[in-house]
Every structure is written in C-alpha cells, then in structure tokens.
Amino acid sequence: MANKLGPHATSGLAVYIDRRILELRYKKTQREIATTAGFTNPNMLTMLKQGHSKLPIDRVATLAAAVEVDSKYLLRVALAQHGNATVVRVCDEVL
C-alpha cells in the first residue's frame with residue numbers, strides 16, 4: 001500500500017526538506033538528521049517530507065543546521081507553510 005501524502009505535501013518546505021535529505025544521504029542518515037535536529041521521533045522527517053506535519057518554528061534553527069542550509073531561508077519556507085503571508089513578507093523585508 002502506497003503512502004498517502006498529507007495536506008502540506010506540495011509546500012515548499014516539504015519539497016525542500018525531501019531534496020536536502022536526498023542530497024545528504026551519502027553523509028548522514030535520516031535518523032541522524034532527525035536526532036541532530038532535536039526530534040525525539042525520527043519519523044518526524046518523513047512526516048515533514050510527505051506533508052503530514054508542519055515544521056514547528058522552534059525547530060527551524062536545529063533542522064537548518066542538521067540539513068546544512070541557511071536558517072533564514074528555512075524560516076521563510078516554514079512560515080510560508082504555516083500560511084501567514086504577512087509574516088513572510090515582513091521577514092523578507094527585515095531579513
């Protein structure tokens with residue numbers, strides 16, 4: 001039975017995290033990334049990639065470090081996933 005995708009599967013965050021995990025697969029496992037990011041449930045990354053869950057804003061910095069990306073960019077796509085266009089626009093202006 002195929003995994004069903006969640007409501008956020010097409011979000012920029014889900015697509016981006018999926019791509020970064022694939023790019024890093026030769027350096028670290030998904031479990032290592034999840035642990036480094038501070039997730040107690042290693043399946044959280046799968047839930048993010050498949051769009052079943054939104055990235056908690058308090059995990060942006062640790063996940064950005066774990067997947068070796070700019071935390072400002074990850075914050076922007078996480079905020080967009082949360083659906084607050086005004087906050088995204090303000091962040092773009094400030095950052």
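Visitor: Why is Asp18 called partly exposed?

Guide: The relative accessibility of Asp18 is 30%. Buried means under 20% relative accessible area, exposed means over 50%, and partly exposed lies in between (1.4 Å probe, protein chains only). Since 30% falls between those limits, Asp18 counts as partly exposed. Before we go on: this is a predicted model, where local features need pLDDT of at least 70 and side-chain atom pairs count only at pLDDT 80 or more, while totals for chains, interfaces and linings use all residues. Residues are numbered from 1 along each chain as its sequence is written, and side-chain values use heavy atoms, leaving out hydrogens and water.

Visitor: What makes Lys49 and Asp18 a salt bridge?

Guide: Their side chains meet with N and O 4.0 Å apart. A salt bridge needs a side-chain nitrogen of Lys or Arg within 4 Å of a carboxyl oxygen of Asp or Glu, so this pair qualifies. Side chains of opposite charge can pair when their charged atoms come close. Lys49 is itself partly exposed, at 21%.

Visitor: Which parts does the pair of Lys49 and Asp18 tie together?

Guide: Lys49 belongs to helix H3 (residues 44-49) and Asp18 to helix H1 (residues 12-24), so the pair joins parts 31 residues apart in sequence. Helices here are DSSP runs (H or I, at least four residues), strands are runs of E with at least two, and both are numbered from the N terminus.

Visitor: How many salt bridges does the structure hold?

Guide: There are five salt bridges. One of them links Glu23 and Arg19, whose closest N and O atoms are 3.2 Å apart. Both residues sit in helix H1, four residues apart, which is about one turn of the helix. Another joins Lys27 and Glu68, at 2.9 Å from N to O. Lys27 lies in the loop between H1 and helix H2 (30-37), and Glu68 in the loop between helix H4 (60-66) and helix H5 (71-81), so this pair ties together parts 41 residues apart in sequence.

Visitor: Why does Lys27 count as exposed?

Guide: Lys27 has 57% relative accessibility, and the limit for exposed is over 50%, so the word fits. Glu68, at 38%, counts as partly exposed. As for networks, salt bridges that share partners join Arg19, Arg20 and Glu23 into one.

Visitor: And why does Ser53 count as buried or exposed?

Guide: Ser53 is at 18%, which is under 20%, so Ser53 counts as buried. Ser53 is found in the loop between H3 and H4. Leaving aside residues up to four places away in sequence, Ser53 touches His8, Met44, Met47, Leu48 and Gln81, where a contact means heavy atoms within 4.5 Å.

Visitor: How do you know that the protein chain is as compact as a globular protein of that length?

Guide: Let's begin with its make-up: six helices and zero strands. The radius of gyration is 13 Å, close to the 12 Å from the globule rule for 95 residues, so the chain is as compact as a globular protein of that length. That radius is taken over C-alpha atoms, and the rule is 2.2 Å times the number of residues to the power 0.38.

Visitor: Where in the protein chain is confidence lowest, and where is it highest?

Guide: Confidence is lowest in helix H6 (residues 85-94), with a mean of 76, and highest in H4, at 96. The score is pLDDT, the predictor's confidence in each residue, from 0 to 100. For the protein chain the mean is 89, and 97% of its residues reach 70 or more.
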